[in-house]
Amino acid sequence: MIFNIMAAGPTAYIPSLDKFLQEDSKWIGVDRGALYLMKRNIPILASFGDFDSVNGTEREQINSYSDEVKLFKPEKDETDMELAINWAISKGVEKIRVFGATGGRMDHTFANLQLLLKYVTESPQVNVEIIDEKNTVTIAKAGSYKLKKEEAMPYVSFFPYGAKIIGLTLEGFKYPLIDRDLPVSSTLCISNEIIEEYGTFSFVSGILIVIRSHD
């Protein structure tokens with residue numbers, strides 16, 4: 001089961017949703033993101049937030065359009081996005097895609113990236129990724145992974161997240177590595193490319209931010 005979550009980030013950063021609408025997945029709106037879905041006639045399973053970014057009329061429209069609305073006070077410990085992801089995980093979802101989570105305020109973007117770290121450690125059974133017009137961002141714990149070559153997303157970058165990476169190996173990439181350690185500040189693995197049908201990356205210890213992107 002796949003849930004797609006639309007946040008309230010700048011619409012210029014939201015990719016075309018056509019391919020995501022052709023599959024069996026459910027949509028969740030977060031604050032003004034629910035309005036974005038409604039205006040595009042995308043069914044909303046649930047809407048979350050304090051809705052401080054919409055006016056009274058728009059809030060009524062969201063209430064009537066959504067199957068379910070979760071209203072929260074602005075003063076709370078979790079972000080609206082975090083509450084939405086928690087709810088999705090409680091439904092037994094296997095994959096969560098987050099849209100509208102980048103651009104605009106940097107603190108909001110960084111908070112959403114922090115959530116990727118939260119869920120890769122607390123709910124590793126769920127694959128959570130952030131998607132915008134030029135990027136797909138995920139986080140990986142130590143292990144071995146395979147990535148399919150995608151012409152639409154030719155670049156693959158790897159960044160240590162919070163701790164040194166031990167034993168990174170890249171195979172099937174333009175710039176391969178064998179058992180390389182990366183300090184937290186490393187930019188060694190930016191803008192690599194998969195040159196075979198699949199590229200594989202593996203490492204022994206640490207957490208990696210993995211970004212697939214295009215110009």
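Colleague: How much space lies in the largest pocket?
Modeller: This is a predicted model, where local features need pLDDT of at least 70, side-chain atom pairs count only at pLDDT 80 or more, and totals for chains, interfaces and linings use all residues. Residues are numbered from 1 along each chain as its sequence is written, and side-chain values use heavy atoms, without hydrogens and water. A pocket is an open set of 1 Å grid points, over protein atoms alone, where a 1.4 Å probe fits, with protein on both sides within 12 Å along at least five of seven lines. Probe spheres set on the joined points fill about 820 Å³.

Colleague: Which residues are the closest to the centre of the largest pocket?
Modeller: The lining holds 33 residues, each with an atom within 4 Å of a point. The closest to the centre are K95, N127, E129, T136 and T138.

Colleague: Which element gives the largest share of that lining?
Modeller: α1, β5, α5, β6, β7 and β12 each supply at least two residues of the lining of the largest pocket. Helices (H or I, at least four residues) and strands (E, at least two) are DSSP runs, numbered from the N terminus. The largest share, 8 residues, comes from β7.

Colleague: Is strand β6 largely enclosed or open?
Modeller: β6 spans residues 127-131. Of its 5 residues, 4 are buried (under 20% relative accessible area, 1.4 Å probe, protein chains only). So the rest of the structure leaves β6 largely enclosed.

Colleague: Which helix gives the most to the lining of the second largest pocket?
Modeller: That pocket has a volume of about 530 Å³, and the closest residues to its centre are A8, V30, D31, D80 and H108. Both α4 and α5 supply at least two lining residues. The most, 4 residues, come from α5.

Definitions and conventions:
Buried < 20%, exposed > 50% of the residue type's maximum accessible area, 1.4 Å probe, protein only.
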